[in-house]
Amino acid sequence: MISEQQKSILKEIDGGKLSNWMDWKWQVRHSVRDLETFERLLDIKVPDTIREQYKQITSKFPMSITPYYLSLINTDNLENDPIFKQSFPVIDELKVLKTDMSDPLSEDRDSPVPGITHRYPDRVLFLVSNTCAMYCRHCTRKRRVGDQDSIPGKAQILKGIEYIKKTPRIRDVLLSGGDPFLLSTKYLDWIMTELRKIDHVEIIRIGTRTPVVLPYRITDELINMLKKHQPVWINSHFNHPREITNSSRTALKKLADAGFPLGNQSVLLAGVNDCPRIMKSLVHKLAFNRVRPYYLYQCDLSEGLSHFRTPIGKGIEILESLIGHTSGFCVPTYVIDAPGGGGKIPVMPNYLISWSTNKVILRNYEGVISSYKEPDSYEPYFCDRNCAECDLELQLEDAQEYKAVGIEKLLADYDKAISLVPANNPRYKRRNNDDKKKK
Ligand SMILES: *Cc1c(COP(=O)(O)O)cnc(C)c1O
């Protein structure tokens with residue numbers, strides 16, 4: 001079933017063969033990459049000011065929109081349309097603030113081999129594709145969009161796999177890009193088969209926006225291929241309830257029925273979804289389609305995104321409107337991906353109001369303030385990580401090495417550290433020098 005707008009776009013492109021519309025390769029081939037086609041397919045004329053700026057913007061950040069995603073644009077209210085805003089270039093993208101960065105997350109610097117970002121101890125981000133069906137205007141990897149040089153070839157992928165193979169800590173591999181589902185099923189099958197040969201890789205994750213912008217990509221052939229490589233977790237990227245259509249519902253149903261746990265990562269975007277009611281409607285629709293809202297991202301400091309950024313307070317306000325007010329699994333974790341490679345930092349409203357030696361004061365979503373009396377008799381026990389001697393029955397594999405990191409280290413009994421000090425702290429440097437002199 002396709003809409004009137006879709007029929008008219010289809011007719012404009014190739015005379016209206018319905019079977020083509022549902023063919024994902026046809027959709028990719030006919031992605032809209034120039035202003036004239038954009039106007040012709042939607043039967044509109046954009047204002048002259050936009051026409052003048054279009055070339056300038058797209059020479060830096062190109063445009064590509066699938067006919068399907070284009071068909072969701074509401075041409076009666078172009079300026080405020082969330083689909084239009086996520087897909088059509090605007091002059092603000094050329095505004096580069098002093099605080100903007102081309103690679104704010106330092107993904108390139110935390111990269112042991114090209115295509116891999118290894119930031120967290122037990123998992124890696126593996127960029128296996130550099131193409132997307134639609135170029136999101138808010139892409140955090142905007143620096144790479146349309147960049148032909150960074151297409152990962154087979155040799156590069158093999159180097160990534162080699163790195164994962166020789167790094168036993170890695171138990172979770174996150175395939176991203178670009179969009180891994182833009183690769184051919186056969187090629188993706190090859191990558192996943194190679195990963196599955198590695199014993200320590202427990203789960204494979206795929207980040208894809210195809211359920212949103214190219215739902216026809218979720219074919220039976222793709223599903224059958226993915227099923228060979230379970231456990232596979234799939235994360236999509238819906239930002240607005242309008243993106244949940246019959247076609248995307250069908251794609252999500254296929255994935256859920258096949259047994260893949262589904263998550264969603266939204267980006268908080270000014271003028272698109274910076275509204276508690278919109279976000280509530282989105283998370284409800286996602287849950288109804290068996291997609292668990294996973295992360296809500298604060299918009300990164302990448303160049304060209306300044307017009308999409310909201311204050312962090314907007315995200316907190318949205319969480320305040322969700323936590324307690326709706327099902328717990330409808331509430332995403334709100335994260336700020338810290339510039340400089342600090343990684344994802346979760347933030348949320350404060351629920352812990354005060355504390356004494358035996359009572360904690362909490363407030364709930366309604367503003368009701370309660371006290372929780374802590375146990376009088378809890379015996380703290382000294383953990384020396386000798387699990388064999390402990391009453392709690394954790395059966396550890398023989399002598400699993402473990403080193404606490406960060407704040408966890410300060411809390412641990414078995415670690416002697418009592419403070420974390422920034423590198424090059426001048427006072428500590430002075431101390432070290434004095435100590436040396438004494439020796
Ligand atoms: C987001 C991200 C991951 C995955 O983080 P989770 O919190 O496990 O979803 C891994 N590596 C990098 C570099 C990331 O940005």
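This report looks at the ligand site and at helix 14 in a predicted model.

## Around the ligand

Let's start with who lines the site. The shell around the ligand is made up of T117, Y120, R123, L125, L174, R205, Y294, Y295 and K344. Sorted by class, that shell holds 5 nonpolar, 1 polar and 3 charged residues.

Three side chains make polar contacts with ligand oxygen atoms. For Y295, a side-chain N or O atom sits 2.5 Å from a ligand oxygen. With R123, the distance from a side-chain N or O atom to an oxygen of the ligand is 2.6 Å, and R205 has a polar side-chain atom 2.8 Å from a ligand oxygen. As for cover, the ligand on its own would expose 380 Å², and the protein buries 90% of that. Strand 1 (116-120), strand 2 (123-127) and strand 7 (291-297) each give two or more residues to the shell.

## Helix 14 and its buried face

Now over to helix 14, which spans residues 312-322 and has G315, I318, L319, S321 and L322 buried. Why do these buried residues line one face of the helix? Looking down the axis of helix 14, they fall within an arc of 160 degrees, so one face is what they line. The general background is simple: an α-helix has 3.6 residues a turn, so residues three or four places apart point the same way.

What covers that buried set? The cover includes helix 13 (276-288), strand 7 and strand 8 (333-338). Strand 7 therefore turns up in both parts of this picture, giving residues to the ligand shell and helping cover the buried residues of helix 14.

## Just past the helix

After helix 14 comes G324, with a positive phi near 85 degrees.

How values were computed: Residues are numbered from 1 along each chain as its sequence is written. This is a predicted model: local features need pLDDT of at least 70, side-chain atom pairs count only at pLDDT 80 or more; totals for chains, interfaces and linings use all residues. Side-chain values use heavy atoms; hydrogens and water are left out. A residue is near a molecule or strand if one of its heavy atoms lies within 4 Å of it. A polar contact is a pair of N or O atoms within 3.5 Å; within protein, one must be able to donate a hydrogen and the other to accept it, and residues adjacent in sequence count only if both atoms are side-chain atoms. Accessible areas come from the Shrake-Rupley method with a 1.4 Å probe; for residues, only the protein chains shown count as cover. Helices (H or I, at least four residues) and strands (E, at least two) are DSSP runs, numbered from the N terminus. Ala, Val, Leu, Ile, Met, Phe, Trp, Tyr, Cys and Pro count as nonpolar, Asp, Glu, Lys and Arg as charged, and the others, Gly among them, as polar. Buried means under 20% relative accessible area, exposed over 50%, partly exposed in between (1.4 Å probe, protein chains only). The arc is that of the directions from the helix axis to the C-beta atoms. Contact means heavy atoms within 4.5 Å.
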